[in-house]
Amino acid sequence: MYAVSPRFLQALTGSHRIVTRVDAFYDGALTVADLPISDGSVTVDRGSKIRRSLSLTIPDLSLLPWDATDPLAVYGQTLVVSRGIWFADAPEMVPLGTFRIDEPSADVHEGPITLTGKSSEAAIQDDKFITPTTTRGYGSCVLAITALIRATLPDAVIVNATSDGRDPVCAVATWDANADRWDAVTQIATAMNAEIFVDALDRFVIVDIPAVNSAAVAWEVADGEGGTLMSAGRQMTRANVFNRVVVMGENTSSGTAPVSGVAYDNDPNSATRWGGPFGNVTKTYSSSLFTTSGACQAAAGYMLADAMAPNVQTSLGTIPNPALEAGDCLRVNYAGRKDLFIAQSLTVPLTAEGSFSITLRGGKEDDGS
């Protein structure tokens with residue numbers, strides 16, 4: 001969760017004035033400060049290759065783009081979005097992201113202007129390799145990730161926020177011409193037993209894969225008087241739940257033999273235990289970035305915790321908390337239960353009247369441990 005003051009969290013349940021700010025930039029220069037908006041939202045989704053997306057409605061038809069350099073055109077123009085609370089002394093704002101503008105449109109006589117935007121993963125994804133590209137010469141995973149990203153965005157900020165600051169040696173891997181550059185970046189992050197995304201400050205952040213068993217609670221949601229929970233729904237499914245993970249590596253560039261590693265859910269008390277009533281369900285992952293059996297085994301064990309997490313999807317309607325990030329751990333106190341979840345996706349409204357929704361994955365009873 002983005003760092004905010006204690007009074008900010010306390011004020012979420014109050015009647016303070018909500019403040020939203022959207023600034024337009026082109027080629028690094030501010031073109032329109034504090035755009036007028038009538039509606040909009042920012043969606044943050046762990047399951048999407050592009051983590052943050054923007055939808056916006058602007059009532060001022062004079063801002064409809066006609067020329068390539070107009071503030072809301074699609075030739076590199078960006079919007080910086082934040083939402084906050086106005087206190088007596090000053091507003092406290094929370095960044096929601098930097099978005100390139102993708103699709104502005106409007107009725108030219110009546111308006112309004114509607115547009116969509118995407119965070120900076122989209123720029124990396126668009127820049128396909130034009131020749132075969134290799135990690136040869138980059139001594140570590142973070143160095144390889146940084147080189148691939150900065151070949152597209154030279155000023156990009158890359159942050160290694162893994163819990164132990166790990167930066168293992170990067171195996172030699174090669175991608176063909178026309179391959180997806182962002183896929184290559186995420187594959188290297190996976191080889192680190194991590195994930196990578198663009199955060200609200202427009203930084204490329206490498207983090208541990210969130211696990212409900214070990215993550216610190218970022219926010220508590222509760223029903224009843226004084227709570228922030230307004231509605232909740234629950235769905236259970238077998239989809240995307242696995243009790244065995246097999247990781248394979250075959251790297252012709254390094255001349256190593258094929259390798260593999262396997263991890264099982266072998267907890268006799270687990271509902272998804274291998275060989276139990278749940279059945280045997282295998283997830284496989286293959287990458288040329290794994291060149292030893294030990295690396296494959298470590299990755300399989302690391303992936304297993306996320307793979308066997310119960311796919312109990314809980315959807316919440318709460319008072320908006322713009323400081324949340326997908327991947328945060330939430331404690332939910334509802335229907336006489338207290339459970340821990342990982343935030344899979346959330347949609348933050350940009351107006352005071354908009355609805356705030358969170359989809360949570362997994363779920364573990366909070367026993368206080």
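In which loop does Asp-202 lie? Select Asp-202 to find out: the loop runs between S11 and S12. The tour returns to this residue later. Keep in mind throughout that the model is predicted.

**The whole chain**

Start with everything shown as a cartoon. The protein contains 5 helices and 21 strands. Its radius of gyration is 22 Å, close to the 21 Å that the globule rule gives for 369 residues, so the protein is as compact as a globular protein of that length. Turn the C-alpha trace along its principal axes, and the spans are about 65 × 55 × 35 Å.

Now switch on the surface. The accessible surface amounts to about 17,300 Å², and carbon and sulfur atoms hold 50% of it. Of the 369 residues, 46% are buried. Among contacts with a separation of 6 or more, 69% are between residues 24 or more positions apart.

Colour the charges next. There are 26 positive and 41 negative charges, and their mean positions are 7 Å apart.

**The nonpolar cores**

Hide the surface and select Leu-35, Leu-54, Leu-72, Leu-79, Leu-330 and Ile-358. These belong to the largest nonpolar core, which has 44 residues, and they touch the most other members. Apart from this core lies another, of 41 residues, including Leu-148, Ala-191, Phe-242 and Ala-307. In soluble globular proteins, nonpolar side chains tend to be buried together.

Centre the view on Leu-330. What is Leu-330 in contact with, leaving aside its neighbours within four places in sequence? The list is Trp-219, Val-221, Leu-324, Asp-339, Leu-340, Phe-341, Ala-343, Ile-358 and Leu-360.

**Helix H3**

Select residues 141-150, which form helix H3. Is H3 mostly covered or mostly uncovered? It is mostly covered, with 7 of its 10 residues buried. Show the side chains of Cys-141, Val-142, Ala-144, Ile-145, Thr-146, Leu-148 and Ile-149, which are the buried ones. Leu-148 was already met as a member of the 41-residue core.

To see what surrounds the helix, add these elements, against which the buried residues of H3 pack:

- helix H2 (121-126) and helix H4 (181-191)
- strand S8 (133-134) and strand S9 (158-160)
- strand S11 (194-198) and strand S12 (204-208)

**Three loops**

Go back to Asp-202, in the loop between S11 and S12. Its phi is positive, about 65°, although Asp-202 is not a glycine. At 27% relative accessibility the residue lies between the 20% and 50% cut-offs, so Asp-202 counts as partly exposed.

Move to Asn-178, in the loop between strand S10 (174-175) and H4. Asn-178 also has a positive phi, about 75°, and is not a glycine either. Is Asn-178 exposed or buried? Its relative accessibility is 60%, so Asn-178 counts as exposed.

Then select Gly-111 and Pro-112 and look at the bond between them. The peptide bond joining them is cis, with omega about -5°. Pro-112 sits in the loop between strand S6 (91-101) and strand S7 (113-118).

**Strand S6 and Met-93**

Follow the chain back into S6 and select Met-93, which lies in that strand. Met-93 has a relative accessibility of 28% and so counts as partly exposed. Beyond four places in sequence, its contacts are Tyr-2, Val-19, Thr-20, Arg-21, Ser-82, Arg-83 and Gly-84. Add Val-81 and draw a C-alpha to C-alpha distance from Met-93: it is 9.9 Å, for residues 12 apart in sequence.

**Strand S14 and Arg-234**

Select residues 229-236, strand S14, where Arg-234 is placed. Setting aside neighbours within four places in sequence, Arg-234 is in contact with Val-312, Gln-313, Thr-314, Tyr-334 and Phe-341. Phe-341 appeared before, among the contacts of Leu-330. Leu-316 is 82 residues from Arg-234 in sequence, with 8.9 Å between their C-alpha atoms.

**Helix H5 and Gln-297**

The last stop is Gln-297, in helix H5 (residues 293-307). Its relative accessibility is 39%, so Gln-297 counts as partly exposed. Which residues does Gln-297 touch, not counting those up to four places away in sequence? They are Gly-261, Val-262 and Ala-263. Select Tyr-264 as well: Gln-297 and Tyr-264 are 33 residues apart in sequence, and their C-alpha atoms are 11 Å apart.

Terms used. Residues are numbered from 1 along each chain as its sequence is written. This is a predicted model: local features need pLDDT of at least 70, side-chain atom pairs count only at pLDDT 80 or more; totals for chains, interfaces and linings use all residues. Side-chain values use heavy atoms; hydrogens and water are left out. Helices (H or I, at least four residues) and strands (E, at least two) are DSSP runs, numbered from the N terminus. The radius of gyration is taken over C-alpha atoms; the globule rule is 2.2 Å times the number of residues to the power 0.38. Buried means under 20% relative accessible area, exposed over 50%, partly exposed in between (1.4 Å probe, protein chains only). Contact means heavy atoms within 4.5 Å. Accessible areas come from the Shrake-Rupley method with a 1.4 Å probe; for residues, only the protein chains shown count as cover. Lys and Arg count as positive and Asp and Glu as negative; His and the chain ends are not counted. The place of a charge is taken as NZ of Lys, CZ of Arg, CG of Asp or CD of Glu. A nonpolar core is a set of buried Ala, Val, Leu, Ile, Met, Phe, Trp, Tyr and Cys residues joined through side-chain atoms within 4.5 Å.
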